[in-house]
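Biologist: Can you walk me through this one from the beginning? I'd like to see how you get to each answer.

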Amino acid sequence: MSDERPVIAVIGGTGRQGSGLAARWAKAGYPVIIGSRDAARAQETADEISARAPASGGGGKVRGTDNLTAATEGEIIVLAVPYSNQLNTLKPLADALAGKILIDVTAPLVPPKVGTVQLPEGGSAVVAAQEMLGDEVTVVAAFQNIAAQHLADLEHKIDCDVLVCGNKKAAREIAIRLVSDAGMTGWHAGPLANAAAAEAMTSVLIFINRAHKIPGSGIRITGTPAEPED
Ligand SMILES: NC(=O)c1ccc[n+]([C@@H]2O[C@H](COP(=O)([O-])OP(=O)(O)OC[C@H]3O[C@@H](n4cnc5c(N)ncnc54)[C@H](OP(=O)(O)O)[C@@H]3O)[C@@H](O)[C@H]2O)c1
C-alpha cells in the first residue's frame with residue numbers, strides 16, 4: 001500500500017451506499033475512485049463529491065471511471081451494488097482484486113420481502129463472494145447496518161456501530177480504520193462467516209424502520225468502557 005491513506009475504489013460508487021462512503025473517505029483525505037458500469041456517470045458522482053469535500057479543505061482527490069479500471073487502480077476495493085448483482089459484478093474483477101482487500105457491504109435483500117431475513121443457501125452473501133474469488137482476495141464485511149441516508153450528510157454524526165467480519169485480523173484492522181475515518185465505530189466481529197449476523201440484521205432494521213416509522217435505525221455495541229464526558 002502506497003502510504004497511510006490508500007487509494008479506495010468504490011464499485012457501484014454512484015449509488016446510495018457507495019457514494020456516501022466515498023464522500024466521507026474523500027473528506028477524510030483519502031484518494032477515491034468511483035466505479036460504475038458507465039464511466040461518465042462515475043465522473044459525475046466524483047465531481048459532486050469533490051464539490052462537497054474539496055481538496056482545498058483537505059479532501060482527497062476523487063475521480064470516476066469504469067468498474068474494472070477502478071478495481072485495477074484502487075488499493076482497497078469496496079463493493080456497493082445490489083445483492084442481485086453482487087457476484088456477477090465481482091466475477092470480471094477477480095484478477096484486478098488479487099492481492100487486495102475487498103470490503104463488501106452487500107446485504108442479501110430479496111425483494112419484495114426485504115424486511116424478512118433471507119440469507120443465501122451458503123449462509124452469507126460475503127462468504128459467497130470470498131468463495132468465488134478465492135484466497136488471493138481478502139474479503140471483509142462491513143457497513144451492512146448503516147442506512148445510506150446517514151452517510152449522505154457529511155456533518156451528521158452516525159448513531160450506529162459497524163460490525164467488521166473477516167478471516168484476517170490485519171485486514172479487519174484496516175477496515176476498522178476506514179470505518180473510523182468515515183465517522184463511525186467499527187468492531188472486530190469475528191470471521192467472515194459471522195457476517196451472516198450483520199447481513200440478517202439489515203432486514204431486521206428495515207422491519208423496525210417500517211414498524212416504528214423511523215428513517216434509519218441502527219445498532220450499538222454496549223458494555224464498553226464509557227466515553228469521557230465533555
Ligand atoms: N442503501 C442502504 O441504506 C444500504 C444499507 C446497508 C447495506 N446496503 C448494501 O449496499 C449495497 C448497495 O446498496 P445501494 O442502496 O447503494 O444500491 P443502489 O443505489 O441501488 O445501487 C448501487 C449501484 O450499483 C450499481 N448497479 C445497480 N444495478 C446494477 C446491476 N444490475 N448490475 C451492476 N451494477 C448495478 C449502480 O451503479 P452504476 O449504474 O453506476 O453501475 C448503482 O448506482 C447493497 O448490497 C445493499 O444491500 C445498502
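Modeller: Sure, and one bit of vocabulary before we start: Ala, Val, Leu, Ile, Met, Phe, Trp, Tyr, Cys and Pro count as nonpolar, Asp, Glu, Lys and Arg as charged, and the others, Gly among them, as polar. Keep in mind that this is a predicted model.

Biologist: Okay, how many polar residues does the shell around the ligand have?

Modeller: Let's go class by class. The shell holds 10 nonpolar residues and 4 charged ones. That leaves the polar class, and its count is 11.

Biologist: Which helix gives the most to that shell?

Modeller: There are 25 residues around the ligand, and Gly12, Gly15, Gln17, Ser36 and Asn85 come nearest. Gln17 belongs to a helix that covers residues 16-27. With 3 residues, the top contributor to the shell is that very helix, H1.

Biologist: Is Ser19 buried or exposed?

Modeller: Ser19 sits in helix H1. Skipping its close sequence neighbours, Ser19 is in contact with Gly13, Thr14, Thr45 and Ile49. A residue needs 20 or more other C-beta atoms within 10 Å to pass the cut-off. Ser19 has 22, so the verdict is buried.

Biologist: Now the sheet. Which strands stand at the edges?

Modeller: Read the order of this open, 8-stranded sheet: S3-S2-S1-S4-S5-S6-S7-S8, with mixed pairing. A strand at either end has a single partner, so one of its sides has no neighbour in the sheet. Those edge strands are S3 (62-66) and S8 (186-188).

Biologist: And how do strands S1 and S4 run?

Modeller: In general, strands of a sheet pair through backbone hydrogen bonds, either parallel or antiparallel. Here 4 bridges join S1 (residues 8-11) to S4 (residues 76-79). Ala9, for example, stands opposite Ile77 in S4. The two strands run parallel.

Biologist: What angle does helix H8 make with S7?

Modeller: Helix H8 (residues 169-181) lies across S4, S5, S6, S7 and S8. Helix H2 also packs on the sheet, touching S2 and S3, and its direction makes about 170 degrees with that of S3. For H8 against S7, the angle is about 160 degrees.

Biologist: Last one: what is the radius of gyration of the chain?

Modeller: The chain has 9 helices and 8 strands, and 46% of its 230 residues count as buried. The globule rule gives 17 Å for 230 residues, and the chain's own value is close to that, so the chain is as compact as a globular protein of that length. Its radius of gyration is 17 Å.

Definitions and conventions: Residues are numbered from 1 along each chain as its sequence is written. This is a predicted model: local features need pLDDT of at least 70, side-chain atom pairs count only at pLDDT 80 or more; totals for chains, interfaces and linings use all residues. The radius of gyration is taken over C-alpha atoms; the globule rule is 2.2 Å times the number of residues to the power 0.38. A residue is buried if 20 or more other C-beta atoms lie within 10 Å of its own, exposed if 12 or fewer, and partly exposed in between; C-beta atoms are placed from the backbone. Two strands pair if DSSP finds at least two bridges between them. Two residues are in contact if their C-beta atoms, placed from the backbone, lie within 7 Å. Axes are lines fitted to C-alpha atoms, for helices over the stretch in contact, and angles run from 0 to 180 degrees between N-to-C directions. A residue is near a molecule or strand if its C-beta atom, placed from the backbone, lies within 6 Å of it. Lists of a residue's contacts leave out its neighbours within four places in sequence.
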